[in-house]
Amino acid sequence: LSSFSSMAVIVSMALLLLLVKSSSAQLSTNLYPLLALSYFSTVKSGVQSAISAEKRMGASLLRLFFHDCFVDGCDGSILLDNTSNFTGEKDALPNKNSVRGFDVIDKIKKQVEKACPGVLGRRDSTTASESAANNNIPPPSSSLSNLISKFSAQGLSPKRHDCLSGAHTLGKARCISFRAHIYNDSDIDNSFAKTRRANCPSKSGSGDNNLAPLDFETDTEFDNYYYKNLIIKKGLLHSDQELFNGGSADSQVKSSC
Ligand code: HEM
């Protein structure tokens with residue numbers, strides 16, 4: 001994935017996520033004057049250099065946006081550490097030992113402050129919620145109807161759910177996230193399950209952090225292999241394969257290939 005296309009992916013996905021219902025009440029475009037051009041170029045080069053240092057970082061930043069946006073809109077709440085007033089989102093189940101990219105965001109923030117001191121910025125959240133992150137972000141064990149309902153709670157239609165799930169064309173998941181699918185589910189290709197089992201032991205606690213690509217074909221390219229893999233029953237997560245499992249999302253998956 002070239003730095004430019006990674007950037008385009010992140011920006012377009014982030015824009016899609018901005019459709020999340022509650023975000024509109026929190027952000028004001030008036031806070032961004034014309035000088036925003038300098039802001040965007042600083043952010044773009046920060047993201048590009050993070051991705052050249054580590055290809056997977058594009059995927060990780062994209063997921064960071066998703067998890068931020070699903071808790072009270074895209075307001076940076078995921079970046080906040082715990083305080084005496086609240087337990088934040090970093091320790092929530094979907095995020096702990098899993099969401100990455102905080103260092104990159106910190107670094108870019110400093111670069112923006114240096115390039116455009118005191119001029120640009122966004123009204124970030126001053127509070128965060130571990131329980132809202134646990135409730136709002138769907139786990140990989142989710143059924144299709146759970147996924148649809150979690151997305152619907154954010155004002156996102158089933159079609160948007162299908163499309164946004166295509167982000168799993170990038171990045172990796174830990175064994176703990178896909179163990180149940182490769183050992184217990186029947187809607188999975190046998191040889192694919194066998195390959196994944198080789199690096200993800202069945203015993204809970206053993207090899208939990210071993211990684212596998214979400215898209216076994218091309219996990220650093222933004223393409224439609226995510227959907228093609230689902231059709232041949234090679235989705236990595238239980239929740240991925242739910243999109244093509246004889247249910248209402250099947251036709252959308254087929255037309256995305
Ligand atoms: C539809 C419901 C979704 C579920 C259940 C889900 C679940 C997961 C899980 C369990 C992982 C692996 C985490 C780990 O093992 O550490 C993951 C990774 C990822 N997710 Fe999702 N996800 C969903 C939707 C999305 C959406 C909407 C986006 C972005 C638009 C997204 C972007 C990503 C990316 C890029 C990765 C790889 C991150 C990396 O390599 O660091 N996911 N997701």
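Select His67, the position at which an unreviewed UniProt entry places the feature "active site"; UniProt positions follow the numbering used here, feature names are shortened, and annotations may be inferred rather than shown by experiment. The model on the screen is predicted, and local features need pLDDT of at least 70, side-chain atom pairs count only at pLDDT 80 or more, while totals for chains, interfaces and linings use all residues. Residues are numbered from 1 along each chain as its sequence is written, and side-chain values use heavy atoms, with hydrogens and water left out.

**First stop: His67**

His67 is part of helix α3. Helices (H or I, at least four residues) and strands (E, at least two) are DSSP runs, numbered from the N terminus. Is His67 buried or exposed? His67 counts as buried because its relative accessibility is 2%; buried means under 20% relative accessible area, exposed over 50%, and partly exposed in between (1.4 Å probe, protein chains only). Next, display the residues in contact with His67, where contact means heavy atoms within 4.5 Å. Leaving aside neighbours within four places in sequence, these are Ile78, Pro94, Asn95, Val99 and Ile137.

**Second stop: the iron atom and His168**

Now select the iron atom of the ligand. Which protein residue serves as its donor? The single donor from the protein is His168, through NE2, 2.1 Å away. Donors are N, O and S atoms within 2.8 Å of the metal (3.2 Å for Na, K and Ca); water is not among the atoms, so sites may look incomplete.

His168 sits in the loop between α7 (158–165) and β1 (172–174). The unreviewed UniProt entry lists His168 under "binding site". With 26% relative accessibility, His168 counts as partly exposed. Apart from residues up to four places away in sequence, His168 touches Leu214, Asp215, Tyr226, Leu237 and Asp240.

**Third stop: the shell around the ligand**

Select the residues near the ligand, that is, those with a heavy atom within 4 Å of it. There are 26 residues around the ligand, and Ser60, Ser98, His168, Arg174 and Ser177 come nearest. By class, the shell has 13 nonpolar, eight polar and five charged residues. Ala, Val, Leu, Ile, Met, Phe, Trp, Tyr, Cys and Pro count as nonpolar, Asp, Glu, Lys and Arg as charged, and the others, Gly among them, as polar.

Three residues may then be picked in turn. A polar side-chain atom of Ser98 is 2.6 Å from an oxygen atom of the ligand, and one of Arg56 is 2.7 Å from an oxygen atom of the ligand. For Lys172, a polar backbone atom lies 2.8 Å from a ligand oxygen atom. Two or more residues of the shell come from each of α3 (57–69), α6 (144–152), α7 and β1. Helix α3 gives the largest share, four residues.

**Fourth stop: Gln241**

Move to helix α11 (residues 238–241), which holds Gln241. Gln241 has a relative accessible area of 0% and is therefore buried. Not counting residues up to four places away in sequence, Gln241 touches His181, Asp187, Leu230, Lys233, Lys234 and Gly235.

**Last stop: the whole chain**

Finally, display the entire protein chain, which has twelve helices and two strands. Of its 257 residues, 42% count as buried.

Notes. Polar contact = N/O pair within 3.5 Å; in protein donor to acceptor, adjacent residues only side chain to side chain.
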